[in-house]
Amino acid sequence: LGFCGSLYVALTPANSMMNWYNIDDAFYYYKVAQNALTGAGFTFDGINLTNGYHPLWMVICLGVFWLSQINLLLPLRVLILVSGIFNGLTGIFLYRLLKKALHPAAAILGSVVWMLLPSIFNTTAVHGMEAAASAFFLVLFVSKSVDIIQSDQPKPKRARDLIIAGLLAALFILSRLDNVFVAFVIGMFI
C-alpha cells in the first residue's frame, strides 16, 4: 500500500512525474551525485565543494545516478521507487513494533496512517530526500531497542543484540546526521 503511489508516479509521463518533486531540495543532492560520478567531486557547481549532505542518502543517490548514463529521467523515477520502498517497509516494521503494545487492528491502523496520511507521506516519501531512509532506520532502531529493553537474555545473545542495535543506530545517524541526538537518547535507555 505504501509503495503503490510511488510506483504509479514513477511510471507516469515525465511532466507528471516532475510534479511529484514539490520542493527543489532533492535536486541539490542529485546534482552533487551527478558531479561526483563524473569525477568533479562532491560539488554542486563543479568548482566549490558542497557544504554537506546526509551520507547514506548520498550513497543511495550515487548508486541511482549512475543510471543517468542511460537516461536522464531514469534516476528520478528510481528514486521515487526507492522512497516508496522505504515508505512501505517502514509501514511493515511500524506495524510489527506497534503490535507488541497494541491490539493488531490498532497496529494496522497506525501503520496505514503512517504510510498514507498526506502530511506524513509528503514529508517522507514525496520530497525525494533522506526522510524516507531516516524514518525506516528509526523504526528499525526503536524496534530493536524495545526488544533489548524488554528481554532478559544471557550475555552472549544480549551482546549480539547490542551490536545489531549499534549498527542500526549508525545507519539511522548516517541517514540524517542530526538523528545523532535521538540515537543518543534511545541509547541511554538501552
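This is a short dialogue on reading helix packing, burial and ring pairs in a predicted model.

Colleague: Where do I start? How many helices and strands are there in the protein chain?

Modeller: The model is predicted, so keep that in mind throughout. The protein chain has ten helices and zero strands. The order from the N terminus is α-α-α-α-α-α-α-α-α-α. Along the principal axes, the C-alpha atoms fill a box of roughly 55 × 35 × 25 Å.

Colleague: What share of the 190 residues is buried?

Modeller: Buried residues account for 39% of them. Sequence separation adds another view. Take contacts between residues at least 6 apart in sequence: 65% of these join residues at least 24 apart.

Colleague: Now a single helix. Which residues of α7 are buried?

Modeller: The general idea comes from the helical repeat. An α-helix has 3.6 residues a turn, so residues three or four places apart point the same way. Helix α7 spans residues 118–126, and its buried residues are Phe 121, Thr 124, Ala 125 and Val 126. Viewed down the axis of α7, the buried residues fall within an arc of 155°, so they line one face of the helix.

Colleague: What do the buried residues of α7 pack against?

Modeller: Five helices: α1 (4–10), α2 (14–20), α5 (74–98), α6 (104–116) and α8 (131–150). Look just past the end of α7 too. Gly 128 there has a positive phi of about 70°.

Colleague: Which residues does Ser 83 touch, leaving out those up to four places away in sequence?

Modeller: Ser 83 sits in helix α5. Its contacts are Trp 57, Ala 125, Gly 128 and Ala 132. Ala 125 is one of the buried residues of α7. Ser 83 counts as buried because its relative accessibility is 1%, against a cut-off of under 20%.

Colleague: How do I describe a helix pair? At what angle do α3 and α4 cross?

Modeller: Two packed helices are described by the angle between their axes and the distance between the axes. Here, α3 (residues 25–37) and α4 (residues 55–65) cross at roughly 60°, with axes that come within 9 Å. The crossing is right-handed. On the α3 side, the contact is made by Tyr 29, Tyr 30, Val 32, Ala 33, Gln 34, Ala 36 and Leu 37. On the α4 side, Trp 57, Met 58, Cys 61, Leu 62 and Phe 65 take part. By class, the residues of this contact are eleven nonpolar, one polar and no charged.

Colleague: Next, rings. How many aromatic pairs are there?

Modeller: A pair of aromatic rings is described by the distance of the centres and the angle of the planes. Counting rings with centres within 6.5 Å, there are eight aromatic pairs. One of them joins Phe 136 and Phe 137, at 5.0 Å centre to centre and 70° between the planes, which is edge-to-face. Phe 136 and Phe 137 are both buried. Ring pairs also link Phe 86, Phe 93, Phe 136 and Phe 137 into a cluster.

Colleague: Back to accessibility. Is Phe 189 buried or exposed?

Modeller: Phe 189 is in helix α10 (residues 180–189). Phe 189 counts as exposed because its relative accessibility is 64%, and the cut-off is over 50%. Its C-alpha atom lies 8.4 Å from that of Ser 145, 44 residues apart along the chain.

Colleague: What about Ile 108, and how does it count?

Modeller: Ile 108 belongs to helix α6. At 46% relative accessibility, Ile 108 counts as partly exposed. The C-alpha atoms of Ile 108 and Pro 118 are ten residues apart along the chain and separated by 17 Å.

How values were computed:
Residues numbered from 1 in each chain as written. Predicted model: local features only at pLDDT ≥ 70, side-chain atom pairs only at ≥ 80, totals over all residues. Heavy atoms only, no water. Buried < 20%, exposed > 50% of the residue type's maximum accessible area, 1.4 Å probe, protein only. Helix = DSSP H or I, 4+ residues; strand = E, 2+ residues; numbered from the N terminus. Arc of directions from axis to C-beta. Contact = heavy atoms within 4.5 Å. Axes fitted to C-alpha atoms, helices over the stretch in contact; angles between N-to-C directions. Left-handed = near helix turned anticlockwise from the far one by under 90°. Nonpolar A, V, L, I, M, F, W, Y, C, P; charged D, E, K, R; others polar. Phe/Tyr/Trp six-rings, centres within 6.5 Å; stacked < 30°, edge-to-face > 60°.
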